[in-house]
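Subject: Structure handover

Hi there,

Here is the structure I promised to pass on to you. Have a look at it first, and then read on for my notes on what turned up.

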Amino acid sequence: MRIKLLAGMLPAVLLLTAYLAFVQQPTRVQVFSPQGTVKRVRQVRVQFSEPIVPFGDPRSGDPFNVSCAEKGTGRWADPSNWAYDFNQDLPAGVQCEFSVRDELKSLAGNSISGQRIFRFSTGGPSIISSHPYQGSTVNDDQIFVLELNGDVSGEDSVLSNVSFSVERISERIGIRIVSGQEKESILDAVFPPRYHIPRPEHLLLIQAKQKFPADAKVNLLWGKGVSSPRGVTNEQDQMLPFRAARSFSATFHCQRENSASACIPIADMRLSFSAAVSWKTAKLAVLKGPGGKQWNAKTYQNRIGDDQVVSDAVFKGPFPENSSFTLEIPQNIEDESGRKLTNARSFPLTVRTAEYPPLAKFAADFGILELKTDALLPVTLRNVEPEISA
């Protein structure tokens, strides 16, 4: 009988033990976010292990002493959860400390134990975006427009910690900071005033101290040592990848029966540029043939204006067979970035046409055509293309 009584009391004893253990748990801060180094902070969230204030009591004060350069407002979301909203997204270089008030107690009258001081930092200045965008192709003397998340402590901090690593160059390349009228001219081009595009608050323009090799991988290295005016730095470097543009060159193209043959005379000839060129300049290219005849440059684009850019100039066929031609291009031709043609010495360029290919031929060397009836003469066509252009 006594054993049965004890067995019946066992669940109640276990429940009482669990309840006492719960009651005896110390009151503490269960969650505090953010901590450490965090970018773009707008709110601090805190959760206590038990209710601190009566539900819906507007007179409840803040549970922390706040030490931070940026201002904000605290509020209780419920008896156990508190939030602190900053007036704006925190810029780089801000350090904040939240310490539990000495007099703070829970509704049950328990003091706050455990960790009582919490800190976080927004880190040093870092790059939010760049123009050109990371991953894009850049000129050999590119100026980079960088949008930062805060002010830097000064030019020395940037010059000492920002550089470029470039493929085929063993040492890092230093930078110069673009300022004054040069800076304003570039920013007006990136953020045209006529379009009313607002400029970001923190902008920095930099350029490598030497030109990038053509078609090389380029990495912009934003060192962790760049500091804010308050001396705050980042925990790691930031890297933005780019690729240098190919050198500006012009190449001639025509259809050939094989690589060793001259140009097929019934097909178009084409002058291609490795970078965009204004049509006003490209259309001055001319192909001169036998007997003083010349072919002017055309474009495959419709209704193109002089202010538009192209990558090709076309010379429409057909051309005389077994003839020599001279391709002339404008002197001092430049791409839209102002780069000179690297292979300008290759022009004027001499090209030749071959014989007309046997795409269509008569069945015999002669024929008889009747005068007063429909003239018919057999023609053999090779199945080379759906339409014959000549």
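Of the 390 residues in the protein, 35% are buried. Please keep in mind that this is a predicted model. The secondary structure amounts to 4 helices and 25 strands. Among the contacts with a separation of 6 or more, 66% are between residues 24 or more positions apart. The protein exposes about 24,200 Å², and carbon and sulfur atoms supply 50% of that area.

**A sheet to start with**

One open sheet has 4 strands in the order β1-β3-β6-β5, and the pairing is antiparallel. Its edge strands are β1 (29–33) and β5 (72–78), each of which pairs on one side only. On average, neighbouring strands of this sheet are turned by 15° against each other, with direction ignored. As a reminder, strands of a sheet pair through backbone hydrogen bonds, either parallel or antiparallel.

What joins β5 to β6 (residues 81–86)? There are 6 bridges between these two antiparallel strands. For a concrete place to look, take Gly74, whose bridge partner in β6 is Tyr84.

**Aromatic rings**

The count of aromatic pairs comes to 21. One of them is Phe64 with Trp82, a tilted pair with 5.4 Å centre to centre and 35° between the planes. Phe64 belongs to strand β4 (residues 64–68) and Trp82 to strand β6, so this pair ties together parts that are 18 residues apart in sequence. Are the two residues buried or exposed? Phe64 has 2% relative accessibility and therefore counts as buried; Trp82, also at 2%, counts as buried too.

Another pair to inspect is Phe319 with Phe325: the ring centres are 5.7 Å apart and the planes stand at 75°, so the pair is edge-to-face. Both Phe319 and Phe325 are buried.

Phe64 and Trp82 also belong to one aromatic cluster, together with Phe32, Phe48, Trp76, Tyr84, Phe86, Phe98, Phe118 and Phe120. Tyr84 thus turns up a second time, since this cluster member is also the bridge partner of Gly74.

If you like charges over rings, look at Arg194: this residue lies over the face of Tyr195, at 4.7 Å from the ring centre.

**Backbone details to check**

Two cis peptide bonds may interest you. Ser33 and Pro34 are joined by one, with omega at about 10°. Pro34 lies in the loop between β1 and β2 (36–37). The bond between Phe347 and Pro348 is cis as well, with omega at about 0°. Where is Pro348 found? Pro348 is in the loop between β22 (324–328) and β23 (349–352).

There are also positive phi values in residues that are not glycines. Arg40 has a phi of about 55° and is found in the loop between β2 and β3 (43–48). With 56% relative accessibility, Arg40 counts as exposed, because the cut-off for that class is over 50%.

Asn332 is a further example, with a positive phi near 55°. The loop between β22 and β23 is where Asn332 sits, and this is also the loop that holds Pro348. At 63% relative accessibility, Asn332 counts as exposed.

That is what I have for now. Happy browsing, and do write back with any questions.

Best wishes

Terms used. Residues are numbered from 1 along each chain as its sequence is written. This is a predicted model: local features need pLDDT of at least 70, side-chain atom pairs count only at pLDDT 80 or more; totals for chains, interfaces and linings use all residues. Side-chain values use heavy atoms; hydrogens and water are left out. Two strands pair if DSSP finds at least two bridges between them. Axes are lines fitted to C-alpha atoms, for helices over the stretch in contact, and angles run from 0 to 180 degrees between N-to-C directions. Buried means under 20% relative accessible area, exposed over 50%, partly exposed in between (1.4 Å probe, protein chains only). Contact means heavy atoms within 4.5 Å. Accessible areas come from the Shrake-Rupley method with a 1.4 Å probe; for residues, only the protein chains shown count as cover. Rings of Phe, Tyr and Trp (its six-membered ring) pair if their centres lie within 6.5 Å; planes under 30 degrees apart count as stacked, over 60 as edge-to-face and the rest as tilted. A charge sits over a ring if NZ of Lys or CZ of Arg is within 6 Å of the ring centre and within 35 degrees of the ring normal.
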